[in-house]
Amino acid sequence: MTQTLTLIMFSGELDKALAGFNIAIGASAVGIDTTIYFTFWGLNIIRKKGGLIKGKSIKQKLLNLMNRGGSDGLPLSRFNMFNLGPWMMKNIMKNSHMPTLRQMIALAKIQDVKFVACSSSLEMMGLKKDDLIEEVDEIAGVATYLNIASKSKINLFI
Amino acid sequence: MTQTLTLIMFSGELDKALAGFNIAIGASAVGIDTTIYFTFWGLNIIRKKGGLIKGKSIKQKLLNLMNRGGSDGLPLSRFNMFNLGPWMMKNIMKNSHMPTLRQMIALAKIQDVKFVACSSSLEMMGLKKDDLIEEVDEIAGVATYLNIASKSKINLFI
Amino acid sequence: MTQTLTLIMFSGELDKALAGFNIAIGASAVGIDTTIYFTFWGLNIIRKKGGLIKGKSIKQKLLNLMNRGGSDGLPLSRFNMFNLGPWMMKNIMKNSHMPTLRQMIALAKIQDVKFVACSSSLEMMGLKKDDLIEEVDEIAGVATYLNIASKSKINLFI
């Protein structure tokens, strides 16, 4: 039986996204069937950069104004300091010849990591499939997540 | 064999609590035996609202003064901004006809999700069973958690 | 077959470290083969205290200046308040006769919990094996983690 790994990507911070993609890329590289289920702030990782402020209600628009998506603009979970932290981290990664998060997203797709976006989080934030990057395979609810996770040897919540 | 899912609810933030209860409710709805083990800040989710400041020592009292429990008063993990964030989130959820956290707690219990409170966290915070909502089934230590988790197909730390 | 438990220790906060070590010590006490894989901020838990500012590049030095290691100096994930929170928490733990994090690290080693440090996180932060406490068994990459985790009944990301 093929091994399976499923990550819930709840957090939208650069450091946690890097950790998640490191695990996903490592797993798919050794033949483990890997799925990332993006929910809540994790949707920021797979949102298209910039664009119009989305959402039907004023509160959704306000939330999306504060919470602009795009893998280039994620904060750090610590030492964020008005984006000095993420800038430093990206710089260190570049000097250590590590791939950027955007490159890791592309690499994960090449290795057939499946990207699933949480439907109820999308609805809550007033976002649609068009607001997400094209690498996303599917929009689905928690039942789909549970179905995949219950077949997975490794389940993580990040 | 019945499938089993066990969540450690370590965090006491509204967004993480919502994510946890979404998973627990979804799982129990499809017949998965589900347990939530509340520890550390996660105890705030199952604390009765308000009441006296608890704790024997001054430091426990101080901690509980800062850290008032009750599922209505939880902060967000991001964009908390003096409770503007949680207020906005609750408002968006209401407009999207999503259940509140309090409703999700009730729904989880109807679906037989088991609530276990971590005994050593309770002791550390100077809290007793009486300080917790009546939905809590059991107070138990890490050995009990490990016993349930070792039979679970899906284990998550939130 | 022996039960196995694997924790990814990503976070470097005192409260999350305590939760992780509580689980690891509890698990190893009942005969579960336990491994902690320290990555990213989690490396702070197993860094030697103080010493010179490490790192080859200026940005690595700056990161390590902000991010001094050592299990005695970890912040809290909430109520950090210029280290008042961690001081209070340690005080409460002491009064409740709970072991300190340093004592829990020692206890975990006595019970044969395996400590693995993430090689790419170390490299990114400009740290070497000498900068880590002697309890660390191995420095290894994500492939080693996946190999252990795929045999584990309980996998958690903290």
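Trainee: How do you know how chain A and chain C are related in this predicted model?

Mentor: Try laying one on the other: chain A goes onto chain C by a rotation of 120°, with 0.0 Å of shift along the axis and an RMSD of 0.0 Å. As for what they touch with, 14% of the contact residues of chain A recur in chain C, and the copies use different surfaces.

Trainee: And what kind of axis relates chain C and chain B?

Mentor: Chain C can be laid on chain B by a turn of 120° and a shift of 0.0 Å along the axis, with an RMSD of 0.0 Å. The two copies are thus related as by a three-fold rotation axis.

Trainee: Why do you say that chain C and chain B meet through different surfaces?

Mentor: Look at the overlap: only 14% of the interface residues of chain C are also interface residues in chain B, so the surfaces through which the copies meet are different.

Trainee: What makes up the interface of chain C and chain B, in residues and in area?

Mentor: Chain C brings 29 residues into contact with 27 residues of chain B. The area buried between them is about 2500 Å², and carbon and sulfur atoms give 74% of that.

Trainee: How many salt bridges and polar contacts do you count there?

Mentor: Between chain C and chain B there are 0 salt bridges. In other words, no side-chain nitrogen of Lys or Arg in one chain comes within 4 Å of a carboxyl oxygen of Asp or Glu in the other, so nothing across this interface earns the name. Polar contact is found for 1 residue pair, both at pLDDT 80 or more.

Trainee: Which elements of chain C supply its side, and what classes of residue are there?

Mentor: Helix H1 (14–29), helix H3 (84–95) and strand S5 (154–157) of chain C each give two or more residues to the side that touches chain B. H1(C) has the largest share, 8 residues. By class, that side of chain C has 18 nonpolar, 7 polar and 4 charged residues.

Trainee: What does the contact of chain A and chain C look like in numbers?

Mentor: It takes 29 residues from chain A and 28 residues from chain C. About 2500 Å² is buried between these two chains, with 74% from carbon and sulfur atoms. The count of residue pairs in polar contact is 1, both at pLDDT 80 or more. On the side of chain A that touches chain C, H1(A) gives the most, with 8 residues.

Trainee: Why is Ser150(C) called buried?

Mentor: Its relative accessible area is 12%, and the name applies under 20%, so Ser150(C) qualifies. Ser150(C) sits in the loop between helix H6 (142–149) and S5 of chain C.

Trainee: What makes Ser150(C) and Asn147(C) a polar contact by distance?

Mentor: A polar atom of the side chain of Ser150(C) is 3.0 Å from the backbone oxygen of Asn147(C). The limit is within 3.5 Å, so on distance the pair passes.

Trainee: Which residues further off in sequence does Ser150(C) touch?

Mentor: Leaving out residues up to four places away in sequence, Ser150(C) touches Gln3(A), Lys153(A) and Ile154(A).

Trainee: Where does Asn95(B) fall between buried and exposed?

Mentor: Asn95(B), in helix H3 of chain B, has a relative accessible area of 46%. Buried needs under 20% and exposed needs over 50%, so Asn95(B) is partly exposed.

Trainee: Why is Asp137(A) with Lys109(A) called a salt bridge?

Mentor: The closest N and O atoms of Asp137(A) and Lys109(A) are 2.5 Å apart. The rule asks for within 4 Å, so the pair counts. This pair also links distant parts of the chain, 28 residues apart: Asp137(A) is in the loop between helix H5 (119–125) and strand S4 (138–140), and Lys109(A) is in helix H4. Asp137(A) is partly exposed at 40% relative accessibility.

Trainee: What about Lys114(A) and Glu138(A): how far apart are their closest N and O atoms?

Mentor: They are 3.3 Å apart, and the two residues form a salt bridge. Lys114(A) in strand S3 and Glu138(A) in strand S4 are 24 residues apart. Lys114(A) is partly exposed at 34%, and Glu138(A) is too, at 26%.

Trainee: And which salt bridge do Lys114(B) and Glu138(B) make, by distance?

Mentor: Their side chains meet in a salt bridge at 3.2 Å, N to O. Over all chains, the structure holds 12 salt bridges.

Key:
Residues are numbered from 1 along each chain as its sequence is written. Chains are lettered from A and ligands numbered from 1 in the order in which they are written. This is a predicted model: local features need pLDDT of at least 70, side-chain atom pairs count only at pLDDT 80 or more; totals for chains, interfaces and linings use all residues. Side-chain values use heavy atoms; hydrogens and water are left out. Contact means heavy atoms within 4.5 Å. Buried area is the accessible area (1.4 Å probe) that two parts lose on being put together, summed over both. A polar contact is a pair of N or O atoms within 3.5 Å; within protein, one must be able to donate a hydrogen and the other to accept it, and residues adjacent in sequence count only if both atoms are side-chain atoms. Helices (H or I, at least four residues) and strands (E, at least two) are DSSP runs, numbered from the N terminus. Ala, Val, Leu, Ile, Met, Phe, Trp, Tyr, Cys and Pro count as nonpolar, Asp, Glu, Lys and Arg as charged, and the others, Gly among them, as polar. Copies are superposed by least squares on the C-alpha atoms of residues with pLDDT of at least 70 in both. Buried means under 20% relative accessible area, exposed over 50%, partly exposed in between (1.4 Å probe, protein chains only).
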